[in-house]
Amino acid sequence: MSSRSLILISLMGFLFVTLTQATEHIVGGKNGWSFPPTKDYYQQWSQQRKFRVGDKLVFDYTPSSDNVIEVGEKEFEQCTQDDVIDMQYDGHTVVKLDEAGKRYFYCGIALHCESGMKFSVTVQPPS
């Protein structure tokens, strides 16, 4: 077997392993994305997990009751919508974590954000 073939096979193996290591995180676990039982529920949920580039966040919720808003840190802390990055209302939102860094999410319905329906993640580079 030529060295070119070995390199190609090695590269394909590396890509397969890298792609299969991505994780889908069901936000809120079995409860899904809904009004939290405690104010720190979602932040604790996110702190118990490791997030890497290529992973996905899956938000399942009732569209008439909740939404998913991605914002910057200032808006996250204040639960404001001055500079919204993305807003989804479809009931099944999938967010691909495509680059390393901090990301911020909350529900913008009523006082859900102020009540703790919010969390941040630190996305690590792929392993």
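Me: Contact here means heavy atoms within 4.5 Å; with that in mind, which residues does L57 touch, not counting residues up to four places away in sequence?

Reply: In this predicted model, L57 touches H25, V27, W45, F51, T93, V94, V95, L97, F105 and F119 once residues up to four places away in sequence are set aside. L57 itself is placed in strand 3 (residues 56-60), and its C-alpha atom is separated by 6.3 Å from that of V27, although the two residues are 30 apart along the chain.

Me: Why is L57 called buried?

Reply: The word buried applies under 20% relative accessible area, and L57 has 0% relative accessibility, so L57 counts as buried.

Me: What makes E70 buried?

Reply: E70 has a relative accessible area of 8%, and because the cut-off for buried is under 20%, that value puts E70 in the buried class. The place of E70 is in strand 4 (residues 68-71), and, apart from its neighbours within four places in sequence, it is in contact with V84, I85, D86, R103, Y104 and F105.

Me: How do you know that a polar contact joins the side chains of E70 and R103?

Reply: The contact between the side chains of E70 and R103 has a length of 2.5 Å, and a polar contact requires a pair of N or O atoms within 3.5 Å, one able to donate a hydrogen and the other to accept it; the value lies within that limit, and therefore the distance fits the term.

Me: Why are strand 1 and strand 6 said to stand at the edges?

Reply: They belong to an open sheet of three strands with the order 1-3-6 and mixed pairing. Strand 1 (24-26) and strand 6 (92-96) each have a single partner strand, so one side of each is left without a neighbour in the sheet. On average, neighbouring strands of this sheet are turned by 20° against each other, direction ignored.

Me: What makes strand 3 and strand 6 a pair?

Reply: Two strands pair if there are at least two bridges between them, and strand 3 and strand 6, which run antiparallel, are joined by five bridges, so the requirement is met. In one of these places, V58 has V94 of strand 6 as its bridge partner.

Me: How do you know that strand 2 and strand 8 pair?

Reply: Strand 2 and strand 8 (residues 118-124) are linked in the parallel sense over two bridges, and since the threshold is at least two, they count as a pair. F51 stands opposite V123 in strand 8. Both strands are part of an open sheet of five strands, with the order 2-8-7-4-5 and mixed pairing; its edge strands are strand 2 (51-52) and strand 5 (84-88), each of which pairs on one side only.

Me: Which residues touch the most other members of the largest nonpolar core?

Reply: They are V27, W33, L57, F59, F105 and F119, out of the 17 residues in this core. Helix 2 (41-47), strand 3 and strand 8 are the elements that give two or more residues to it, and strand 8 gives the most, with three residues. Another core, of seven residues, lies apart from it and includes I69, V71, Y104 and C113. In soluble globular proteins, nonpolar side chains tend to be buried together.

Me: How many residues of the protein chain count as buried, as a percentage?

Reply: Of the 127 residues of the protein chain, 33% count as buried.

Key. Residues numbered from 1 in each chain as written. Predicted model: local features only at pLDDT ≥ 70, side-chain atom pairs only at ≥ 80, totals over all residues. Heavy atoms only, no water. Helix = DSSP H or I, 4+ residues; strand = E, 2+ residues; numbered from the N terminus. Buried < 20%, exposed > 50% of the residue type's maximum accessible area, 1.4 Å probe, protein only. Contact = heavy atoms within 4.5 Å. Core = buried A, V, L, I, M, F, W, Y, C linked by side-chain atoms within 4.5 Å. Axes fitted to C-alpha atoms, helices over the stretch in contact; angles between N-to-C directions.
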